[in-house]
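Student: I would like a close look at a single part of this protein. Could you walk me through it slowly?

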Amino acid sequence: MTPQRYYLTEVDKVEDSIYCFHDAMGENDIQLHQHKKAQLLYTEGGVVHISVPSKTYFLPARHYMWIPPEVPHSIHASSPEIMMRNLYFPIQNFEIDFFQQIGIYAVNDLLLQLLLFSNRWHGDILTSSKEDYIIAEAIRAILPQMSTMNLPLALPFSNNQRLEKILTYMSNNLHNPIAFPELCERFGFSQRSLARLFHAELGMTFIQYYTILRILKSLQLLLEKKLPVSEVAISVGYSSIPTFSNTFSNLIGCRPSEYLKMQTQILK
């Protein structure tokens, strides 16, 4: 019998503690689970996907994910060596909208230093541990002020078989630009009916889905394959590097070259 992991047995054991866990994942997949506490998840060293019942999120380097209490989620990583930094917060003062929704946010230098400072913690941080608890609670308290842009780094699921075939085709053919009229013709849809299907099933337009899909793939190529920006742009169907760079910046908040520079600085 496989022993239960800390996130199933320890996180909620002490109701009013802030629970801290920093370690390599040790596995590629963490099973579907949930906590009574909210979770701040920051990872280092590779690509991580977090699945909730309706969609899959992509958590890139130099970003963290906020997961509200009681949200079922599973974690899927490119390597068991990926470092996870987790802080789990008891439910208090969560009436602020920020704490009630899943979000992916950039980590600025201040938050990064606070997360690195938390390396000295492990397990339950109790209110009796005054200094550590105050610092941990301060991390939670400043998140809404420093995390103003919730990145749309998630792709929804569809139960429509015809649409799923289209989404699979798009994912497998990102190296070639995909034109909506040609896609409709290939799969036997009118442009109007396929546009409606995207909106009804995914809650977004074809362009929105296609753009996010391309940028998520580009992040994976940058982080895992270590490809140069020019090669990444071509691999996700952009013939213009400036257009790719501008689109990347609109979603991620910085240009690909700047993003790679930040990752290099973190690893030093």
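Student: Which residues does Tyr209 touch, not counting residues up to four places away in sequence?

Tutor: Happy to help! This is a predicted model, where local features need pLDDT of at least 70, side-chain atom pairs count only at pLDDT 80 or more, and totals for chains, interfaces and linings use all residues. Residues are numbered from 1 along each chain as its sequence is written, and side-chain values use heavy atoms, with hydrogens and water left out.

With those neighbours set aside, Tyr209 touches Leu155, Pro156, Leu167, Met170, Phe198, Leu202 and Met204 (contact means heavy atoms within 4.5 Å). Tyr209 is also among the residues with the most contacts inside the largest nonpolar core, which has 68 residues. Such a core is a set of buried Ala, Val, Leu, Ile, Met, Phe, Trp, Tyr and Cys residues joined through side-chain atoms within 4.5 Å, and buried means under 20% relative accessible area (1.4 Å probe, protein chains only). Helix α7, residues 206–225, supplies the largest share of this core, 11 residues (helices are DSSP runs of H or I, at least four residues, numbered from the N terminus).

Now look at the partner helix. In α4, Leu167, Met170 and Ser171 meet Phe206, Tyr209, Tyr210 and Leu213 of α7. By class, that contact has six nonpolar, one polar and no charged residues (Ala, Val, Leu, Ile, Met, Phe, Trp, Tyr, Cys and Pro count as nonpolar, Asp, Glu, Lys and Arg as charged, and the others, Gly among them, as polar).

Finally, Ile212 is found in α7 too. Ile212 is buried, with a relative accessible area of 8%, and among its contacts beyond four places in sequence are Leu155 and Met204, two residues that Tyr209 touches as well.

Note on methods: Buried < 20%, exposed > 50% of the residue type's maximum accessible area, 1.4 Å probe, protein only. Helix = DSSP H or I, 4+ residues; strand = E, 2+ residues; numbered from the N terminus.
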